[in-house]
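Here are some notes for your reading of this structure, set out as numbered points. Please keep the sequence and the 3D view open beside them as you go.

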Amino acid sequence: MKSIHIQSESDYQNAVAKWKKSPDDFWADIANAYTWLKPWNKVVEADFPKADFKWFLGGKLNITLNALDRHVEAHPDKTAILWEPNNPKDPHLEISYKDLLKRVSKMAHAMKAQGIEKGDRVCLYMPMIPELAVAVLACARIGAVHSVVFAGFSAQSLADRIQDSHCKLVITSDELKRGGKIVGIKNIVDQALESCPSVTSVLVAQSTGASIPMQNGRDHWLEEVQKNQADFIEAEEMDSEDPLFILYTSGSTGKPKGVVHTCGGYMVYAGYSFLNVFQVGKEDVYWCTADIGWITGHTYIVYGPLLAGATTTMFEGVPTWPDAGRFWAICEKHKINQFYTAPTAIRALMAKGDEFVDAYPLKDLKVIGSVGEPINEEAWVWYHEKVGKKNCPVVDTWWQTETGGIMISALGDVGPQKPTFAGRPLPGVDPILVDNEGNLIEENNQEGLLCIRSPWPSMIRTTYGDHQRCINTYFSAYKGYYFTGDGAKRDADGHYRIIGRVDDVINVSGHRFGTAEIENAIDEHPEVVESAVVGFPHDIKGQGIYAYVILSKKPENQERLREEIQSELVKAIGPIAKPDAIQFVSGLPKTRSGKIMRRILRKVASGESDQLGDTSTLLDPEVVEEIISGSKHFVS
Ligand code: WT7
């Protein structure tokens, strides 16, 4: 790909200068590195207050022509996807670009055989098996909009997401392997579909080969439907602004919303950011440990690497099984050159002891990356010393589901290696800090709210089915800017340090939850009157979930009630939403106007009840005393 490739400080400076001089020329140059079926006639139209953004207007393309066909011509036998199974004793798979296009074509035909057409929504609820990546690309091939739902979400969450975007087809598998455990995910799909009338068919991939119930007329084995399909399918011609996918994510209010990304801009930015952040060479093997159910997996397991013609690794299992050396064993086995993971995984593995990582020389590693939450200095240093053996730049990449791609990060070894600082924006990205009133903070070394001032190609286009919500969430707080929801600080050299969410979003092990969504689930319990949920610092997870709960009557068995509340959450959201602490209280600290003072709850949960600040607006100060004394046995 002849894109803008930044390999030195002067390349970086030149790229920024070029963008400042003419953003349109800058992005056009990057877009020109791709194959278009019809060239665009205008680079961008942007209206921030209306959240109306169009990129590469009039352009026609199919992202898979750039992610597959182009490479099938240039290097058909190069490995596109290297798949490492859950069990290290099972064989791994190397799927070449040529084979991948065949698999994608067959699956695309199979989807068409179920009546799927351009614009239809398809839900993917699958393990990290090759069929998941193939299904993503097969949707893109025929212009169907994929909505991948992380296979750890509950039946209810899955149903909510399917209903919100009226999916017609669900692709899943019989079961899912996760370390030593097996989860019957087809069973979860069956439960979800009891309330999803839009779904007319289900394709089931075989993962474990278990015999499972299949509903006549609705459910089909993927393999059988694919078997006799042709191994090539023409790519559908898509407009730049046709939707490519929907991905649900949590915000501070209401149910998770479907973030919509479109074909042209997303493609341009995914390839550009991948190439420059990870500096992946022709022969390199790249591995991102995320699940494709999150945006990281979309952009940096599937689309980014394949657009660049790279070899991307996909891992089915978990970092701690069979032991805490699994990541490093895989790095060694496949001679991984670029490795990308989350701080929560780094901290969890760090806690298991150095012997697991010390056992592997990891000589092939060149760049190691971090994403999802702030990385604390101790974890950064351990990652750099133990994994990178002090030889690899750490790219601390800041971005969001809504930004589509990495926004602030070092580019390989270009940019600062300063622990806890994500660094500078990628050329073309225009971050700013504002104060609470929306005034621009121009001085350095000050904390502010992180906003983005100029449009970028892979920015969120809408929230599915509710454009006003997109405007309200991201484009209303600070006029003319995109508001990220994060607080940040900029140092004298222009390096950004991300502090964390300033809204009611909790980031647990890199997973985003809205406090309201957790509270709603807790309130479902018949004995719960009201609840308030906050995040607190957690050694491994980054943030933990702390729930304060008011009950209708004194519980006979507190432990049992806690378990019941936990199961409400597992049912409503999934096991990843289990609180770390549930404290029963008789009241919540509220202002006279009835607003919960979460600031106080956060301080108490963090063990900082001696720093409550101004409590003069509290309706009932005694409640706070009770909460503080009851919290003692929860907080370490
Ligand atoms: C939120 C976005 C997009 C990657 C996966 C998470 C936090 C993300 C960093 C980082 C500090 C980070 C932010 C952001 N975040 N990367 N390098 N340093 N914080 O995607 O679920 O959309 O969450 O994750 O708070 O707003 P997401």
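**Notes on the predicted model**

1. A good place to begin is a single pair of residues: the bridge partner of A532 in strand β29 is Y548. This pair belongs to a ladder of ten bridges that joins strand β28 (residues 528-538) to β29, the two strands running antiparallel. Between β28 and β29 there are three residues, and the two strands form a hairpin. Please keep in mind throughout that this is a predicted model.

2. Strand β29 also has a partner in β30 (residues 581-585), with which it pairs in the parallel sense over five bridges. Here A547 of β29 has I582 in β30 as its bridge partner. How many of the ten residues of β29 are buried? Eight of them are, so that the strand, which spans residues 542-551, is described as mostly covered. For a student it may help to recall that strands of a sheet pair through backbone hydrogen bonds, either parallel or antiparallel.

3. Turning to the chain as a whole, the model contains 19 helices and 30 strands. A compact globule of 636 residues would be expected to have a radius of gyration near 26 Å, and the 24 Å computed for this chain agrees with that. The C-alpha atoms fill a box of roughly 70 × 60 × 55 Å along the principal axes, and 60% of the 636 residues count as buried. Among contacts with a separation of 6 or more, 70% are between residues 24 or more positions apart.

4. An open sheet of eight strands deserves a careful look, its order being β12-β11-β8-β6-β7-β14-β15-β23 and its pairing mixed. Why do β12 (219-221) and β23 (462-463) each have one side without a neighbour in the sheet? They stand at the edges and each has a single partner strand, so one side of each is left free of a neighbour there. Within this sheet, β6 (residues 121-124) and β8 (residues 169-173) run parallel and are joined by three bridges, and C123 stands opposite V170 in β8.

5. Helices pack on this sheet as well. Helix α9 touches β14 (243-249) and β15 (257-262), and its direction makes about 80 degrees with that of β15. Helix α10 (residues 295-307) touches β7 (145-148), β14 and β15, with a direction that makes about 140 degrees with that of β14.

6. Helix α10 also meets α5 (residues 130-142), since their axes come within 10 Å and cross at roughly 65 degrees, in a crossing that is right-handed. The residues that make this contact are A133, V136, L137 and A140 on α5, together with V302, Y303 and L306 on α10. By class, the contact has seven nonpolar residues, no polar ones and no charged ones. When you look at spacings like these, remember that an α-helix has 3.6 residues a turn, so residues three or four places apart point the same way.

7. In helix α2 (residues 23-31), the buried residues are F26, W27, A28, I30 and A31. Which elements do these buried residues pack against? They pack against α1 (9-21), β1 (42-47), β2 (52-57) and α9 (263-278).

8. Two residues have backbone angles that a reviewer would want to check. F56, found in strand β2, has a phi near 55 degrees, a positive value in a residue other than glycine. F56 is buried, because its relative accessible area is 0% and the cut-off for buried is under 20%. H166, which lies in the loop between α6 (155-164) and β8, has a positive phi of about 50 degrees although it is not a glycine. With a relative accessible area of 47%, H166 is partly exposed.

9. Finally, two loop residues are worth finding in the viewer. P322 lies in the loop between β17 (311-315) and α11 (326-333), and the peptide bond from W321 to P322 is cis, with omega near -5 degrees. K363 lies in the loop between α13 (355-358) and β19 (367-371). Is K363 buried or exposed? K363 is exposed, because its relative accessible area is 71% and exposed means over 50%. The C-alpha atoms of K363 and C331 are separated by 9.4 Å, although the two residues are 32 residues apart along the chain.

Notes
Residues are numbered from 1 along each chain as its sequence is written. This is a predicted model: local features need pLDDT of at least 70, side-chain atom pairs count only at pLDDT 80 or more; totals for chains, interfaces and linings use all residues. Side-chain values use heavy atoms; hydrogens and water are left out. Buried means under 20% relative accessible area, exposed over 50%, partly exposed in between (1.4 Å probe, protein chains only). Helices (H or I, at least four residues) and strands (E, at least two) are DSSP runs, numbered from the N terminus. Contact means heavy atoms within 4.5 Å. Two strands pair if DSSP finds at least two bridges between them. Axes are lines fitted to C-alpha atoms, for helices over the stretch in contact, and angles run from 0 to 180 degrees between N-to-C directions. A crossing is left-handed if the near helix is turned anticlockwise from the far one by less than a right angle, and right-handed if clockwise. Ala, Val, Leu, Ile, Met, Phe, Trp, Tyr, Cys and Pro count as nonpolar, Asp, Glu, Lys and Arg as charged, and the others, Gly among them, as polar. The radius of gyration is taken over C-alpha atoms; the globule rule is 2.2 Å times the number of residues to the power 0.38.
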